[in-house]
Amino acid sequence: MWSKLPEKGVYTLVVRVDRELAFRAGSLGQVVLKPGFYLYTGSGLGSGPLSLRGRVRRHLKARRRCFWHVDYLLDQPGARVVAVVASPSLIKEECHVNQALIKGLAAEVPVRGFGSSDCRSGCPAHLLYAGQEDPSERVSAIYERLGLRPVLLRPGR
């Protein structure tokens with residue numbers, strides 16, 4: 001599976017939340033998320049653990065030390081990554097992709113600042129709520145419209 005992911009680039013995790021979740025997310029404090037599908041967009045432009053493959057591998061690990069906001073979400077029972085959309089890139093594309101997902105999917109921002117504490121492009125969050133239907137194919141189509149070359153993976157299949 002890992003060999004299908006680009007070494008460097010941008011990625012979006014499609015996370016299914018099965019029931020309402022209430023948890024602490026680091027500096028954000030208490031977070032409440034309703035059931036449905038969420039999108040978390042990030043990038044990996046470094047090498048090793050800082051590469052796209054390294055970041056996605058970390059997100060999919062069963063046990064992780066919670067460091068980023070998304071770690072707190074993925075550590076919750078009832079939240080699981082159902083798909084990863086990724087594209088090669090040598091420049092930071094996560095804000096561009098995130099803003100296109102907000103517009104293209106009419107996605108909601110469930111928690112202001114979630115995953116975007118280092119964002120310099122004005123994104124309200126890098127975690128988006130996409131509704132009750134799996135948006136994976138639509139996310140991939142948005143990557144294509146942006147001129148990216150998406151790979152869609154479904155972990156666990």
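## Strands, cores and pocket of a predicted model

In this predicted model, strand E2 has a covered face formed by Leu-21 and Phe-23 and an uncovered face formed by Ala-22 and Arg-24. In a regular strand, side chains alternate between the two faces of the sheet. Strands and helices are DSSP runs, numbered from the N terminus, with at least two residues (E) for strands and at least four (H or I) for helices. E2 pairs with E3 in the antiparallel sense over four bridges, where pairing requires at least two DSSP bridges between two strands. Arg-24 stands opposite Gln-30 in E3. Five residues lie between the strands of this hairpin, in which Gly-26 takes a positive phi near 55°.

Residues are numbered from 1 along each chain as its sequence is written. Local features need pLDDT of at least 70, side-chain atom pairs count only at pLDDT 80 or more, and totals for chains, interfaces and linings use all residues, while side-chain values use heavy atoms and leave out hydrogens and water.

A nonpolar core is a set of buried Ala, Val, Leu, Ile, Met, Phe, Trp, Tyr and Cys residues joined through side-chain atoms within 4.5 Å; buried means under 20% relative accessible area (1.4 Å probe, protein chains only).

| Set | Size | Residues named |
|---|---|---|
| Largest nonpolar core | 27 residues | Leu-13, Val-15, Leu-33, Leu-73 and Phe-114, which touch the most other members |
| Second, separate core | 18 residues | including Phe-37, Ala-100, Val-139 and Tyr-143 |

Elements that each supply at least two residues of the largest core include strand E1 (9-17), strand E4 (36-44), helix H1 (52-60) and strand E5 (79-88). Leaving aside neighbours within four places in sequence, Phe-114 is in contact (heavy atoms within 4.5 Å) with Ala-25, Leu-28, His-69, Val-70, Leu-73, Ala-125, His-126 and Leu-127.

Gly-36 is found in strand E4 and is buried, with a relative accessible area of 4%. Not counting residues up to four places away in sequence, Gly-36 touches Val-15, Arg-16, Val-17, Tyr-129, Gly-131 and Gln-132. The C-alpha atoms of Gly-36 and Ser-87, 51 residues apart along the chain, are separated by 24 Å.

On a 1 Å grid over the protein atoms alone, a pocket is an open set of points with protein on both sides within 12 Å along at least five of seven lines, and lining residues have an atom within 4 Å of a point. The largest pocket holds about 280 Å³ of space, a volume filled by probe spheres set on the points. Of its 17 lining residues, Tyr-40, Arg-55, Trp-68, Gly-115 and Asp-118 are the closest to its centre. E4 and H2 are the elements that give two or more residues to this lining.

Notes: Buried < 20%, exposed > 50% of the residue type's maximum accessible area, 1.4 Å probe, protein only. 1 Å grid on protein atoms, 1.4 Å probe; cavity = no way out; pocket = protein on both sides within 12 Å on 5 of 7 lines; lining within 4 Å.
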